[in-house]
Amino acid sequence: MRPEDIDAIAEKTAFSGVVRVDREGQVEFAKAYGLAHRAYRIPNTLDTRFGMASGGKGFTALAVLSLIEDGVLKLDTTARSLLGGDLPQIADDVTVEHLLTHTSGIGDYLDEEADTEITDYVIGAAHELTSTEAFLPLLDGHPAKFAAGERFGYCNGGFVVLALLAERAGGVGYHDLVRRRVLRPARMTSTDFLRSDELPADAAVGYLPLDGVDRSNVFHLPVLASGDGGIHTTAEDVSAFWRALFAGDIVDRVDEVVRPRQDVPEESMRYGLGLWLHESSDTVFLIGYDAGASFKSAHDPHTGTTRTVISNTTPGAWPIARALMP
């Protein structure tokens, strides 16, 4: 895709964010568009950090898988063995592997199969969600939707449960666990968990349309991201992530991470362990969509090509991503 074609889509859609294309470690295209802070007219730059929404689930999965490689957890470890009496509606046979592959069947606090809008307020007291343990009341009380292993059912809460299991098994808080086991090995120096009410100068505010105006997402998301996504990153760090992953710097058995575990025909994709997979090729994806955030990054391990579109608006990334990615 030609740079002028990307520019044309960005102009037509009022895109706000960053587009980057790498091939074999060389940057072929990188450009920022729009505003990081609309009230103060602060522009996005290539160094701006954006919330990546559910793209962060991949980092949770890799942190868990690194614990598995160390023998701290197993794929067949049951959630109940670490939850004890917490979250009693999670079935006793739900395992780490079920949670990683969205086949656990557990009820979801943020159910994407429910009839809700992205603009709805669904998480209650966002300011209280500063730790994984703080999510327990939000995760509790949701009946199972289906038996473990029965089918694929995308589950945000399942990845918060994974974060909780990783904390309890590893003895390290989730945020530090991801920093130590994913961000540092990948040399993702600009990626971190940022409080939404304490964003630094280089972070973009997320915007979504409400009542005819664009408002920030500060009341829609947890004040501090947990296992189901929301970490802040840059397009450059995303490229570093893919290089590190396929170099074996984060986990050893990358082939197991990207081995297809589930067909997801309704999305025309497949799913591995915390990562989306192309329906017929070896291209791997991180994808995120939330209030005030949209993100998609595709990596082809055969050509070493990475394409990333990241935006600080709810629908912003999709037009360019559709044109740019397989």
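**Pockets, helices and a sheet**

Modeller: Strand E12 and helix H10 (318-324) each supply at least two residues of the lining of the second largest pocket. The names are DSSP runs numbered from the N terminus (helices: H or I, at least four residues; strands: E, at least two). The model is predicted, so local features need pLDDT of at least 70 and side-chain atom pairs pLDDT 80 or more, while totals for chains, interfaces and linings use all residues. Residues are numbered from 1 along each chain as its sequence is written, and side-chain values use heavy atoms, without hydrogens or water.

Colleague: What makes the second largest pocket a pocket, and how many residues line it?

Modeller: A pocket is an open set of points on a 1 Å grid over the protein atoms alone, with protein on both sides within 12 Å along at least five of seven lines; a cavity is a set where a 1.4 Å probe fits but cannot get out, and lining residues have an atom within 4 Å of a point. The lining here has 21 residues, with Glu112, Glu267, Met269, Trp276 and Ile287 nearest the centre. The volume is about 630 Å³, meaning the space filled by probe spheres on points joined across faces, edges and corners.

Colleague: Which residues line the largest cavity, including those from H6?

Modeller: The lining is Leu87, Gln89, Ile90, Ile106, Gly107, Leu139, Asp140, Gly141, His142, Gly157, Gly158 and Val161. Helix H6 (residues 156-170) gives the most, three residues. The volume is about 90 Å³, and three cavities of 30 Å³ or more are found in the whole structure.

Colleague: Why is the crossing of H2 and H6 called left-handed?

Modeller: The near helix is turned anticlockwise from the far one by less than a right angle, and therefore H2 passes H6 in a left-handed crossing. The angle is about 35°, with axes 10 Å apart; axes are lines fitted to C-alpha atoms over the stretch in contact, and angles run from 0 to 180 degrees between N-to-C directions. In contact (heavy atoms within 4.5 Å), Lys57, Thr60, Ala61, Val64 and Leu67 of H2 meet Asn156, Phe159, Leu162, Ala163 and Ala166 of H6.

Colleague: How do you know that E12 and E13 pair?

Modeller: Pairing needs at least two DSSP bridges between two strands. E12 (residues 284-290) and E13 (residues 293-300) have seven, in the antiparallel sense, so they count as paired. Phe285, for one, has Ala298 in E13 as bridge partner.

Colleague: What makes E2 and E9 edge strands?

Modeller: Strand E2 (26-33) and strand E9 (262-264) each pair on one side only. They end the open, antiparallel sheet E2-E1-E14-E13-E12-E11-E10-E9.
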